[in-house]
Amino acid sequence: MVKIIIIANWKMNPATLTEAKRNFEIIKKGVRNIKKVEPVICAPFIFLPVLKATNYLKLGAQDCFLGERGPFTGEVSPKQLKSLGVGYVILGHSERRKHSGELTELVNRKIIAALGAGLKVIFCVGSETKKPGKEMRYQLKTGLKGVKKQDVAKLVFVYEPVWAISTSKNKVVATPQEALKGGLYIRDILGKIFDEETAKKAKIIYGGSVDSSNIRGFIKEGKMAGGLPGAASLDPHEFIRMVKAVDES
Ligand code: PEP
């Protein structure tokens, strides 16, 4: 059975290790008997060595750098993450583009490095414009340069329109139909970069103000393979509700 994936993006939260451990433990208990969903917690680097992944609750990072080790002050390599039991890494998030000036060319090198170290990549694409268009095409074409077709299965594509992120200034919650359009756009570009078969099989999820009241709509009507909640995932009980809402549907 192909599981629906629900990925919590904790961003730079919570404020303390004590809270991180407590929230992780609450989630661990709450999702223990889940069958149809793969829940993933993408926590800040500093908490990752302490939060232990299990076979039913996976761990992810929110960024990584290139190579295995070396003179890269402040950076963390995919191999270092892997050695902690981290399975996933978010790359290309719009907040890294906005606040850290990250360019798609660097995202591309990070994707190659992360795949090389055996991490699964959660590749976020999306723009400020309502309709998916050339910016997303550029993100996909540039971000995936040098990625082999057989490695596409190790990527989770996130359609994450910037205007739908809960903290964006003029936030509008996307409809499942808008998510569907974004997903179809990504699949179309993947078909052009790789081939139809690869595009058909690609895992595409939705991110942007996802919570327990709307996640089923994005999956059912939006035909998404899962969701990437940010703000709503900070409440461990709300995250469990999201996972259960999907598991029980
Ligand atoms: C995000 O930025 O990854 C995100 C999905 O945030 P939110 O759910 O808060 O919109």
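**View 1. Glu 160 meets the ligand.** In this predicted model, a polar side-chain atom of Glu 160 sits 2.9 Å from an oxygen atom of the ligand. A polar contact here is a pair of N or O atoms within 3.5 Å; within protein, one must be able to donate a hydrogen and the other to accept it, and residues adjacent in sequence count only if both atoms are side-chain atoms. The model is predicted, with local features needing pLDDT of at least 70 and side-chain atom pairs pLDDT 80 or more, while totals for chains, interfaces and linings use all residues. Residues are numbered from 1 along each chain as its sequence is written, and side-chain values use heavy atoms, without hydrogens and water.

**View 2. Backbone atoms at the ligand.** Look next at Ser 209, where a polar backbone atom is 2.8 Å from an oxygen atom of the ligand. For Ala 231, a backbone N or O atom lies 2.9 Å from a ligand oxygen atom. The protein buries 99% of the 290 Å² that the ligand exposes when taken alone (Shrake-Rupley method, 1.4 Å probe).

**View 3. The shell around the ligand.** Thirteen residues surround the ligand (a heavy atom within 4 Å), and Lys 11, His 93, Ser 166, Ser 209 and Gly 230 come nearest. The shell comprises four nonpolar, six polar and three charged residues, with Gly counted as polar.

**View 4. The largest cavity.** Its lining includes Arg 97, Leu 103, Phe 123 and Gln 139. A cavity is a set of points on a 1 Å grid over the protein atoms alone where a 1.4 Å probe fits but cannot get out, and lining residues have an atom within 4 Å of a point. About 40 Å³ of space lies inside this largest cavity, the volume being the space filled by probe spheres set on the points.

Conventions. 1 Å grid on protein atoms, 1.4 Å probe; cavity = no way out; pocket = protein on both sides within 12 Å on 5 of 7 lines; lining within 4 Å.
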